[in-house]
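Okay, thanks everyone, let's get going. I'll put the structure up and then walk you through a few spots in it.

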Amino acid sequence: MDSERTPTGDPRGSVRFGLSARLLVLTGLFVMLAEVLIYVPSVANFRRNWLNDRLAAAQVAGVVLEAVPPGGVPSGFEEKLLAGVGARAVAVRVGGARRLLATAEMPPEVARVIDLRDTHWATLIADAFETLVFPAQGPVRVIGAGKGGADFVEIVMDERPLRVAMLTFSRNILILSLAISGITAFLVYLALHLIIVRPVRRLAANVTAFEHNPEDAERVIRPSERRDEIGEVERALALMQETLSRELLQKKHLANLGLAVSKVNHDLRNLLASAQLLSDRLSQLSDPTVRRVAPKLIATLGRAIAFCEATLAYGRAAEPQPRRRVVRLAPLVRDLADFLDLAGNGITFVVDMDEDITVDADPDQLSRILINLGRNAVQALAQAGAGPSVPTLTIAARRDGRSTVIRVADNGPGVPAKAREHLFEAFQGTSRRGGVGLGLAITAELVALHGGHIVLEEEGPGAAFRIHLPDRTNGNGA
């Protein structure tokens with residue numbers, strides 16, 4: 001499946017120490033750390049129990065010897081008892097008197113004294129590791145609590161057997177820890193690999209594959225049925241990829257449109273230039289109607305030629321920056337009656353503004369804004385057909401501080417709710433059959449180039465667009 005394939009040669013696909021390996025190593029280390037924390041008190045407790053067992057055996061041996069009448073102890077019996085206890089000497093204190101119950105070759109001194117009667121756990125741990133790391137070079141004296149009537153019991157013994165037993169215990173703990181660590185690490189690794197690592201790898205592979213061809217809808221990830229965080233990420237990624245894929249396809253269509261416009265532009269510009277020459281000849285005729293319309297026709301053709309040279313904004317290049325200057329707004333608005341043939345369409349045209357109101361704008365771009373909005377109004381009124389009211393297009397303007405507010409309204413059917421959401425987006429905001437949805441998008445871009453904004457008023461009837469065009473901030477505005 002393409003969405004799970006990593007492209008060859010992509011450095012992101014050559015992970016040497018990936019998430020799975022790190023997870024396995026960390027799990028093993030954490031389990032071993034837990035075993036170490038268990039081993040430390042365990043070896044101290046083992047040492048204490050081992051010594052207590054020797055003290056208990058020594059006290060039993062002492063009781064046996066006390067029960068034998070004087071002279072009744074067979075030769076070598078005491079040595080056998082001491083060998084069984086593992087001690088060189090055994091002594092018990094009863095009633096304040098200390099009695100030596102058995103003795104062998106007594107050492108002149110002991111290397112270490114170990115008192116098990118009242119010892120803190122930290123001392124036990126420290127003594128245990130001292131026995132392991134720094135064993136005594138000679139016999140040690142061990143003192144413990146006595147049983148019965150004895151105050152305490154003590155033995156003198158070699159520490160070597162204790163250290164050997166502790167090392168054996170440590171070895172067994174190590175083997176057991178390694179086995180538990182390996183089994184636990186494998187189970188944790190397997191569970192996390194199935195739950196987290198494999199889905200993350202799938203996400204990473206899909207993102208990499210989608211990056212190489214984001215326009216291919218087949219590369220959009222198919223979310224699983226999981227209801228956890230991984231499932232949420234999959235669904236969010238799928239939504240993002242679908243949106244991005246649609247946007248890129250739209251951009252590709254726009255780029256193709258730009259290529260087509262650039263091809264058409266050359267021939268269209270030549271045709272418009274020829275039409276401009278003919279209109280120049282018309283202006284020389286004596287007919288009053290022709291002489292009145294010819295200058296407007298020449299100006300319109302001039303703007304059309306300039307527009308072709310700049311190409312369509314959504315096809316190839318961005319709109320040029322406006323060449324702003326302070327102009328009177330009323331003459332530009334009244335020209336719409338001829339450009340849109342309002343009288344021929346039976347539309348009443350109302351201009352509601354002062355004659356001396358000015359606007360700081362590019363006249364050509366402002367004319368395009370008004371023509372786009374006016375043409376939409378004419379088309380909406382034509383679709384509405386005959387109604388109880390006279391079709392009317394109203395353009396009003398006023399100054400608001402350092403801004404000019406222009407309102408273009410009609411009494412037609414208004415803008416459908418479906419078209420409002422993407423009203424000013426290219427190819428999205430049209431609801432009219434045969435419309436391409438570019439007029440309002442171009443209008444919004446031209447207004448934005450002037451630093452202004454355009455909105456659709458919510459209240460009806462009809463459609464009403466309000467444009468805010470601020471003056472320039474360098475003091476050259478109106």
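Quick word on naming: helices here are DSSP runs of at least four residues, numbered from the N terminus. And keep in mind that this is a predicted model.

So, helix α4 covers residues 160–212, and Leu194 sits in it. Is Leu194 buried or exposed? Neither one, really: its relative accessibility is 40%, so Leu194 counts as partly exposed. Leu194 also helps make a nonpolar surface patch of about 690 Å², along with others including Phe186, Leu190 and Val200.

Now, salt bridges. How many does a search of the whole structure find? Twelve. Let me show you some.

Staying with helix α4, look at Arg202: its side chain meets that of Glu234 in a salt bridge, 3.1 Å from N to O. Glu234 belongs to helix α5, residues 229–282, so to speak a distant part of the chain, with the two residues 32 apart. Glu234 is buried, at 2% relative accessible area, while Arg202 counts as partly exposed at 23%.

Next up, Arg112 and Glu130, with a salt bridge at 3.8 Å, N to O. Arg112 is in strand β3 and Glu130 is in helix α3, so this pair ties together parts that are 18 residues apart in sequence. Arg112 is buried at 17%, and Glu130 is partly exposed at 31%.

Last one: Arg407 bridges to Glu457, with the closest N and O atoms 3.0 Å apart. Arg407 is in strand β10, Glu457 is in the loop between β11 and β12, and they're 50 residues apart.

Definitions and conventions:
Residues numbered from 1 in each chain as written. Predicted model: local features only at pLDDT ≥ 70, side-chain atom pairs only at ≥ 80, totals over all residues. Heavy atoms only, no water. Patch = residues over 30% accessible without salt bridge, like charges linked within 9 Å, V, L, I, M, F, W, Y side chains within 5 Å. Areas by Shrake-Rupley, 256 points an atom, 1.4 Å probe, with all protein chains shown as cover. Salt bridge = Lys/Arg side-chain N within 4 Å of Asp/Glu carboxyl O. Buried < 20%, exposed > 50% of the residue type's maximum accessible area, 1.4 Å probe, protein only.
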